[in-house]
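Hi,

Here is the model I promised to pass on. Have a look at it first, and my notes come right after.

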Amino acid sequence: PSYKSGAINSARDFPIPEGGRTIREGTSVTVAFTVGVDGRASHCSVVSPGPDPATNALVCPLVIERIRFNPAIDANGNPVPARYGWRQDFFRR
């Protein structure tokens, strides 16, 4: 699979952690999921969490809702489901 479109780029998508947003500045959350033949993510799980559990819990639903992918292609040129990963980085604004 490969990235096609969509983004998760709004601080409003994530709750303010106890201690403020600086808790997650410079960190990331990595998730793994299956990209189906339709280019949509499913069966998502966190594989490398960040410091805030509430933030970690939101990355998969946001990837499933907002990000679209080009499906993997088999040797015959047919789209096939395949595993893929996404890293959501958190930067200072």
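Below are my notes on the helix and on the aromatic pairs.

Bear in mind that this is a predicted model, where local features need pLDDT of at least 70, side-chain atom pairs count only at pLDDT 80 or more, and totals for chains, interfaces and linings use all residues. Numbering starts from 1 along each chain as its sequence is written, and side-chain values use heavy atoms, with hydrogens and water left out.

Helix H1 first (helices are DSSP runs of H or I, at least four residues; strands are runs of E, at least two; both are numbered from the N terminus). H1 covers residues 53–66, and its end C-alpha atoms sit 21 Å apart, which agrees with the 20 Å its 14 residues should span; that expectation is 1.5 Å times one less than the number of residues. Its buried residues are Thr55, Asn56, Val59, Cys60, Leu62 and Val63 (buried is under 20% relative accessible area, exposed over 50%, partly exposed in between, with a 1.4 Å probe and protein chains only).

Now the rings. Six aromatic pairs turn up (ring centres of Phe, Tyr or Trp, the last by its six-membered ring, within 6.5 Å; planes under 30 degrees apart are stacked, over 60 edge-to-face, the rest tilted). Phenylalanine 14 and phenylalanine 90 are edge-to-face, since their centres are 5.2 Å apart and their planes at 85°. Those two are 76 residues apart, and both are buried.

Phenylalanine 69 and tyrosine 84 also pair edge-to-face, at 5.3 Å and 65°. Phenylalanine 69 is in strand S4 and tyrosine 84 in strand S7, so this pair ties together parts 15 residues apart in sequence.

Cheers
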